Each structure stands twice: as C-alpha cells, then as structure tokens.
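Here are some exercises to work through with the structure open beside you. Try each task on your own before reading its solution.

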Amino acid sequence: MKRWMTSSHWVALLFAVIFALVSVGSVSDVRADGPDKAALLKHAGKAVFTKARCGSCHSVNALDLKRSASDDEEEEDEGTPPPDLSDVGTKGHDAQVISDYLTKKGKLNGKNHKKKFKGSDEDLKALAEWITSLKFPAAK
Ligand code: HEC
C-alpha cells in the first residue's frame, strides 16, 4: 500500500493541531495578557466602580486602579481585608450573584458584602457585568 502521508505531512499536521489549540486558547477570556484592558477602563461599570467609591476599599491592580482609602471611609479594622478585584471574573460567579451580593440580597462565599450598593439598577447591572469580566491574574 502506498504511504499517503510522508513524515513532513505529519509534521505539518502536528503544527496545524498545535496552532488550532493555541487559537482556541486565545478565544477564551483568560489570555497571557488578560482581557482587553482599554475596553474595561472605558466600560460603564468602571465608571460606576469609581462613582460608588468601591475603590476606597478595593484595588483592581490589573487595570492600575489603586485603592484610595481615605479617612471618611470605614476602614477594615476587623475581618477580611478587601481583596484586589483583578481576578473576580475567573471565579465563575455570574452577574446576578454579584448584583445580589453587592445589594446584600445574597451572599458570596457564604459571606455578606461589607457595603450595600445604593445606585440605580442600571448602574448595578453595568457594575456586575464589569466585575464578572475582570479575568486577570490576582495581584499578590
Ligand atoms: C468598606 C470597604 C468596602 C467597600 C466600599 C466595598 N467593598 Fe467589596 N469587599 C469588601 C471586603 C472586606 C470584602 C471581602 C469580604 C469577605 O470575603 O469577607 C469585599 C468583597 C468584595 C467582592 C468579592 C471578591 C471575591 O473575590 O470574593 C466583590 C466582587 C466586591 N467586594 C465588590 C465591590 C464593589 C463593586 C464595590 C463598590 C460598589 C465594593 N466592593 C465596595 C469591602 C468593601
């Protein structure tokens, strides 16, 4: 029987498979360089994060949003310190769970959030959507 594929064909096929796997990887949200940072900084949810002063407790290091604790804000003197939110989107919580958590209608990891979100439903929706798209490596 005639060999219908030479070894160079196999090498080409192997590369094609590797290439396909790599491309599939880049379609998923977690890439080496993370999701589109510029888009996330322009996202309506980011504006809500700023407006609602989430940044007085939380940083989003991946987007260079530093925590801006100030004297008029409650400090976390007891309990869990506010986590950096860079990787919340990788934890598989859906936007509804996040919305409920932020408005204290529901818990996350069995705990209530420290602060109740008091903005509009529209803002909450944008915020929760933004939070769930933060898929960067966590800051350490
Ligand atoms: C007064 C400080 C404070 C403010 C303000 C605050 N948070 Fe938090 N947040 C916390 C603390 C503390 C935790 C950790 C709770 C725990 O796990 O016990 C937390 C947890 C979270 C989590 C869960 C993170 C995870 O990976 O489990 C999210 C999401 C979150 N906050 C989003 C927000 C958003 C959005 C805002 C603004 C609307 C906000 N937070 C405002 C203190 C704060």
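**Exercise 1. Find the residues of helix H4 that are buried, then work out how they are arranged around the helix.**

Step 1. This is a predicted model, and helix H4 covers residues 95–102. Start by looking for residues with 20 or more other C-beta atoms within 10 Å of their own. In H4, that picks out Ile98, Ser99, Tyr101 and Leu102.

Step 2. Now look at their directions from the axis. These buried residues cover an arc of only 165°, which puts them on the same side of H4.

Step 3. What do the buried residues of H4 pack against? Their partner is H5, the helix made of residues 121–132.

Step 4. Move just past the end of the helix. H4 is followed by Lys104, with a positive phi near 60°.

**Exercise 2. Do the same for helix H3, and say which of its residues are buried and which are exposed.**

Step 1. Helix H3 spans residues 44–51, and its buried residues are Gly45, Lys46, Val48 and Phe49.

Step 2. Looking down the axis of H3, you find these residues within an arc of 160°, so they line one face of the helix.

Step 3. Turn to the other side of H3, where Thr50 and Lys51 are exposed.

Step 4. Which helices do the buried residues of H3 pack against? They pack against H2 (37–42) and H5 (121–132).

**Exercise 3. Compare the backbone at Arg53 and Lys104, and classify each residue as buried, partly exposed or exposed.**

Step 1. Recall the general expectation: most residues other than glycine have a negative phi.

Step 2. Check Arg53, which comes just after H3. Its phi is positive, near 60°, though the residue is not glycine. Arg53 sits in the loop between H3 and H4.

Step 3. Check Lys104, in the loop between H4 and H5. Lys104 is not a glycine either, and has a positive phi of about 60°.

Step 4. Count neighbours. Arg53 has 14 C-beta neighbours inside 10 Å, so it counts as partly exposed. For Lys104 the count is 13, so this residue is partly exposed too.

Step 5. For contrast, try Lys105, which is also in the loop between H4 and H5. Lys105 has 11 C-beta neighbours inside 10 Å and therefore counts as exposed.

**Exercise 4. Describe the surroundings of the ligand.**

Step 1. How many residues surround the ligand? There are 27, and the closest are Cys54, Cys57, Thr80, Pro82 and Lys114.

Step 2. Sort this shell by residue type: 14 are nonpolar, 6 polar and 7 charged.

Step 3. Look for helices in the shell. H4 and H5 each supply at least two of its residues.

Step 4. Zoom in on Pro82, found in the loop between H3 and H4. With 18 other C-beta atoms within 10 Å, Pro82 is partly exposed. Pro82 and Cys57 are 25 residues apart along the chain, yet their C-alpha atoms are separated by 5.8 Å.

**Exercise 5. Locate the largest nonpolar core and name the helix that gives the most to it.**

Step 1. A general idea helps here: in soluble globular proteins, nonpolar side chains tend to be buried together.

Step 2. The largest nonpolar core has 21 residues, and those that touch the most other members are Val60, Leu127, Trp130, Ile131 and Leu134.

Step 3. H3, H4 and H5 each supply at least two residues of this core. H5 gives the most, with 6 residues.

Step 4. Follow Val60 beyond its neighbours within four places in sequence: its contacts are Leu65, Asp84, Leu85, Ser86 and Leu134.

**Exercise 6. Step back and judge the whole chain, including how confident the prediction is.**

Step 1. Count the elements: the protein chain has 5 helices and 0 strands.

Step 2. Of its 140 residues, 22% count as buried.

Step 3. Take the contacts with a separation of 6 or more: residues 24 or more positions apart account for 66% of them.

Step 4. The average pLDDT is 83, and 69% of the residues score at least 70.

Step 5. Where does pLDDT stay under 50? That happens over residues 25–30, for which the model has 5 contacts beyond four places in sequence. Where pLDDT is low, the predicted coordinates should not be read in detail.

Conventions:
Residues are numbered from 1 along each chain as its sequence is written. This is a predicted model: local features need pLDDT of at least 70, side-chain atom pairs count only at pLDDT 80 or more; totals for chains, interfaces and linings use all residues. A residue is buried if 20 or more other C-beta atoms lie within 10 Å of its own, exposed if 12 or fewer, and partly exposed in between; C-beta atoms are placed from the backbone. Helices (H or I, at least four residues) and strands (E, at least two) are DSSP runs, numbered from the N terminus. The arc is that of the directions from the helix axis to the C-beta atoms. Two residues are in contact if their C-beta atoms, placed from the backbone, lie within 7 Å. A residue is near a molecule or strand if its C-beta atom, placed from the backbone, lies within 6 Å of it. Ala, Val, Leu, Ile, Met, Phe, Trp, Tyr, Cys and Pro count as nonpolar, Asp, Glu, Lys and Arg as charged, and the others, Gly among them, as polar. pLDDT is the predictor's confidence in each residue, from 0 to 100. A nonpolar core is a set of buried Ala, Val, Leu, Ile, Met, Phe, Trp, Tyr and Cys residues joined through C-beta atoms within 7 Å.
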